[in-house]
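Visitor: Please show me the structure, and then let me ask how its descriptions are justified.

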Amino acid sequence: MAATSRGTTPVPPDARPRLTVLSGPSGVGKSTVVAHMRKEHPEVWLSVSATTRKPRPGEKHGVQYFFVTDEEFDKLVANGELLEWAEFAGNRYGTPRGAVLDRLGAGEPVLLEIDLQGARLVRESMPDARLVFLAPPSWEELVRRLTGRGTEAPEVIERRLDAAKIELAAESEFDTTLVNTAVEDVARELLALMDVV
Ligand code: 5GP
């Protein structure tokens with residue numbers, strides 16, 4: 001019988017895993033999808049970004065983000081330590097370069113969960129990255145999720161909805177769109193795209 005599992009299929013020496021970028025408007029459920037996926041497949045490595053945003057209740061330094069000051073973020077940028085970075089709704093966010101390259105070099109599946117501007121920058125610097133767009137089932141549903149989260153002030157929600165309109169208009173720039181109707185389904189589809197299952 002032909003060997004089909006990843007453990008027994010020979011891997012050509014130049015088969016480097018592709019970097020996968022998951023993007024989509026704030027509130028669409030990217031973090032929930034990723035958390036669900038990693039519960040079942042902890043071997044998928046998720047980059048932890050640096051941000052100047054303040055932690056939400058329950059968020060921990062080094063887990064959801066590296067929470068840094070403006071000065072610390074300036075230094076990361078000046079030292080070329082970020083693969084990409086962008087300003088989003090009044091805060092800066094960036095992907096630490098070293099860890100991502102190390103993991104890719106080690107042959108591990110690597111996932112970035114970043115905004116549209118970051119996805120575009122990754123496409124420029126790593127053209128073979130796979131760009132996945134997570135779309136809401138509808139605009140009304142996105143508004144409901146973003147408002148219902150209860151973690152942001154009304155003016156912050158307003159800024160994020162403005163950003164969401166721009167992000168939704170850029171869907172065609174991505175290699176694949178997944179519609180977040182059910183977390184389990186999207187998580188499975190993403191794993192399949194990443195060749196993890
Ligand atoms: P939040 O404040 O809700 O955690 O994130 C706001 C937005 O920033 C989300 O769209 C999230 O995907 C994005 N984001 C998180 N980390 C990064 C990053 O390292 N780079 C970029 N460009 N965007 C990021």
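Visitor: What makes the approach between an oxygen atom of the ligand and the side chain of E113 a polar contact?

Guide: This is a predicted model, in which local features need pLDDT of at least 70 and side-chain atom pairs count only at pLDDT 80 or more, while totals for chains, interfaces and linings use all residues. Residues are numbered from 1 along each chain as its sequence is written, and side-chain values use heavy atoms, with hydrogens and water left out. A polar contact is a pair of N or O atoms within 3.5 Å, and the ligand oxygen is 3.5 Å from an N or O atom in the side chain of E113, so the pair qualifies.

Visitor: Which polar atom of Y93, and which of G94, lies by an oxygen atom of the ligand?

Guide: For Y93 a polar side-chain atom lies 2.5 Å from a ligand oxygen, whereas for G94 a polar backbone atom is 3.2 Å from one.

Visitor: Which residues around the ligand come nearest?

Guide: Of the 16 residues around the ligand, which have a heavy atom within 4 Å of it, S49, R53, Y65, E84 and Y93 come nearest.

Visitor: How do you know that the size of the chain agrees with a compact globule?

Guide: The globule rule is 2.2 Å times the number of residues to the power 0.38, and the radius of gyration is taken over C-alpha atoms. With 197 residues the rule gives a value near 16 Å, and the chain has 17 Å, which agrees. The C-alpha atoms fill a box of roughly 60 × 40 × 30 Å along the principal axes.

Methods: A polar contact is a pair of N or O atoms within 3.5 Å; within protein, one must be able to donate a hydrogen and the other to accept it, and residues adjacent in sequence count only if both atoms are side-chain atoms.
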